[in-house]
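Trainee: I should be grateful for a close look at one part of this structure, with enough of its surroundings to place it in the chain. Which part would you choose, and how does it connect to the rest?

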Amino acid sequence: MYNEFMRIGLVLNILDEEYQISVYSGVKKRAQELGVELICFQQENLKFAEKSLLASFPSKEFFNLDGIIFLTSVISDKYDIKCKSQLEKLWGKIPVVSVGQKVQDIPSLLIQTDASMKQLIEHLILNHNYKKFFYIGGSLKHQDAIKREEIFIKTIEAYKPWYPELSYTIKRGWFTEKAAIKAMETYYAEGHGAPDVIVCANDNMAIGVYKFLKINSDNPEIGFPAVTGFDDVPQGQFVIPALTTVHQPMVETGEASVDAILDLIDKKELPSEQFIESNLVLRNSCGCGPEKALHFDEEVLEKMQSRFVQSEMLLRTVSYIGQDLNYCQTLWGLQYIINENIAQLGIKNFCVLAFSIKNQAIDASKIKVKDVYVRRNGVHFENFTNGEELSLSDFYSKYLYYDDEIPNSMIFKALHIAGEIIGCVLYDGPSDILPYLCSVCISIGQSIMRILDIEERKKRSEYLEKEVEKRTRELLEANSKRMEVEAEVLRISEIERQRFSNDLHDDICQRLAGISMLCKSYSNQSDPVDKKQMLELAELISDTLVTTRQYAHNSYPVELESLGMNKSIHNLCVSFEKQTGIKVLYEWAVPESVVFDKTQKLNIFRIIQEALHNVMKHSRAASVLVQIKKTGSKLYVKVVDDGCGIKAKRSELGEKKGLGINSMQYRANQIGASFTVKANKPSGTCVQVVLKL
């Protein structure tokens, strides 16, 4: 017995057909006898997601494996892995044993089938005198298929000198029932006529041939030729007539592979190849004992009935699970459906985990799993991890050693949908229900994907609802502010018009009235008007003209167009300094390549003008900085004084903003600029406008 920390991995395709299941059964049986933990990895996703989790092979760190047994059918037709160094790129220097085909520098367990295949063909020629052969082989990239076809051809050719009538036709079926049926259809469509015997490279294809022959049993041109298979799967015993085949001792091979990997872990020397002999199994399908073709002894009949009843029950259960899962829309519902049905199947350990990989190489230690469903030793745990985030390997260790009764073997199946791995299932169970569990796992994966999609859409909908609510609230606030600004603009405009009217009435009109009165006075005097009086009148008219021009300038600074922004703002600063005595430092740092439109020019000018007016009126400042500069893609306009500063905090400036601040804010909005008024350190006030160019 080995200690409880010894753990080996078995890598195969998928546990839905007898070849894989038989090897797994042998490995599991021997591991249980020796007290070694076993994890079986199914690799059916290899050709779909080459860079995703477990897409090529499981990392040894994933479950802290001490050694790996792998069926070479995993790499047949998919990967050109022929030596130990190539496997080390996947697993490092972990002990590895291959089963099925030879891998260079790796101890390999091989089933010797050459003699049995030759014996089968000789039996058909010598014992049954068959002359016309139809051979359905496997893929030409599969080494076993290539070898079996070579033996078939060599044996036929070897007997041709004694039996010149011998002939053969070869088609390929890729080891599946469906492909074998297609090969049969092609054969008869080409007009070859009915063969004496159909030799298949495995039992699955032979069963497919049976189905074709029975479907076309009314066609006399097809007939019912002899049929043979290869592998000796259990189903071959129960077809009618029972299938002649070659028995491959897969269970025994699985057992031997466990002994080999443990010897390798113990650093024992192993031969590069270990052979296990196959043997010919003669039944009725080749023509032996035709009088007994429809006869079964009582034990065989009982087995057939038992298998039929069990198969019907399992098919119904899988169908019910699939139907229930198809309508499931919540994780709670998924848990309920699994719990109700898995218990009926007699499965003690079944765990569904969710995670996301999305077609990229991944560090196994960083994958965090969510326990969707956990059944441990017949007990369902509703919250196995209690919200704790665990890596896949940590979860497995916790799951495995949760109580004293440790499951000896677990099967790992990745749940992948459309090239994306969304989770996995860990389970064990009797060999005869494993193919059905593969179908259940696929339904669970599809259900999880749909539930996650529903949850994502729900979250997105809730997010959009909140965003719409937020945006509606912002629009209402913005609309309210816009109405306030428009009202303020109307008020400002009315005040400006009133001020302009008052200025005209109190200043220009008074000046013109004075000029009129002076002219009347001069016209009523008896003496002629002298030069001094005319100069006085001319000076009064000149002052009125200057004042009128100033009013016109205040309405729109004409020099913005003729002199440009830089010169106009500079003149404004010079005029302000002369009128107020407040020193002005003016800085212009804008490249000539920057061009402003008329609206931008006017509003920037007016903001600076209003800011300077506020400095004069409120700040008690000794100096002021007027700065316009371009930084990056933005224009910064600052008016900074060293006066007493603003009294109200920035957050309090809402309703307390004066006419001037509201006017500047409005003008900044007009050109899409941001506007701020804040206290300047150590003293004074800073007015800033930021315009994106």
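Mentor: What follows begins with the whole chain, turns to one sheet and its helices, and ends with charged pairs and a second set of strands. Please bear in mind throughout that this is a predicted model.

The protein chain has 693 residues, of which 46% are buried. It contains 18 helices and 23 strands. Its exposed area is about 36200 Å², with carbon and sulfur atoms supplying 52% of that area. Among contacts between residues at least 6 apart in sequence, 71% join residues that are at least 24 apart.

The part I would choose is an open sheet of four strands, arranged in the order 7-6-8-9 with parallel pairing. Strand 7 (167-172) and strand 9 (226-228) form its edges, each pairing on one side only. From one strand to the next, the twist averages 20°.

Within this sheet, strand 6, which covers residues 132-137, pairs with strand 7 in the parallel sense through six bridges. To find the register on screen, begin at F134: its bridge partner in strand 7 is T169.

Two helices lie across these strands. Helix 4 (residues 143-159) lies across strand 6, strand 7 and strand 8 (197-200), and runs at about 170° to strand 7. Helix 5, made of residues 177-189, also lies across strand 6, strand 7 and strand 8, with an angle of about 140° to strand 6.

Helix 4 also offers a starting point for the charged pairs, since residue E157 falls within its span of 143-159. E157 forms a salt bridge with K160, and the closest N and O atoms of the two are 3.7 Å apart. E157 is classed as partly exposed because its relative accessibility is 35%. K160 is likewise partly exposed, with a relative accessible area of 28%.

A further residue worth locating is N204, which is found in helix 6 (residues 203-215). Setting aside residues up to four places away in sequence, N204 touches E17, F175 and E177. The C-alpha atoms of N204 and F175 are separated by 6.4 Å, although their positions lie 29 residues apart along the chain when counted as a difference in number. N204 counts as partly exposed because its relative accessible area is 22%, and the buried class requires a value under 20%.

The chain contains 18 salt bridges in total. As a general point, side chains of opposite charge can pair when their charged atoms come close. A network of such salt bridges links K29, R30, E33, E255 and D259.

Two pairs of this network can be followed through R30. In the pair that R30 forms with E33, the closest N and O atoms are 2.9 Å apart. E33 and R30 are separated by about one helical turn, because they stand three residues apart in helix 1 (residues 18-34). E33 has a relative accessibility of 38% and so counts as partly exposed. R30, at 24%, is therefore also in the partly exposed class. R30 forms another salt bridge with D259, where the closest N and O atoms are 2.8 Å apart. This pair links distant parts of the chain, with R30 in helix 1 and D259 in helix 8 (residues 250-265), 229 residues apart. At 29% relative accessibility, D259 is partly exposed as well.

For a second set of strands, please move further along the chain. Strand 19 (residues 583-589) pairs in the parallel sense with strand 20 (residues 623-631) over seven bridges. Within that pairing, K583 has S623 of strand 20 as its bridge partner. The chain passes from strand 19 through helix 16 (residues 598-619) to strand 20, and this β-α-β crossover is left-handed.

Strand 20 also pairs with strand 21 (residues 634-641); these two run antiparallel and are joined by eight bridges. The bridge partner of V624 in strand 21 is D641. Together, strand 20 and strand 21 form a hairpin with two residues between them. One residue in the turn, G632, has a positive phi of about 65°.

Key
Residues numbered from 1 in each chain as written. Predicted model: local features only at pLDDT ≥ 70, side-chain atom pairs only at ≥ 80, totals over all residues. Heavy atoms only, no water. Pairing = 2+ DSSP bridges. Axes fitted to C-alpha atoms, helices over the stretch in contact; angles between N-to-C directions. Contact = heavy atoms within 4.5 Å. Buried < 20%, exposed > 50% of the residue type's maximum accessible area, 1.4 Å probe, protein only. Areas by Shrake-Rupley, 256 points an atom, 1.4 Å probe, with all protein chains shown as cover. Right-handed = clockwise from strand over helix to strand, strands pointing away. Salt bridge = Lys/Arg side-chain N within 4 Å of Asp/Glu carboxyl O.
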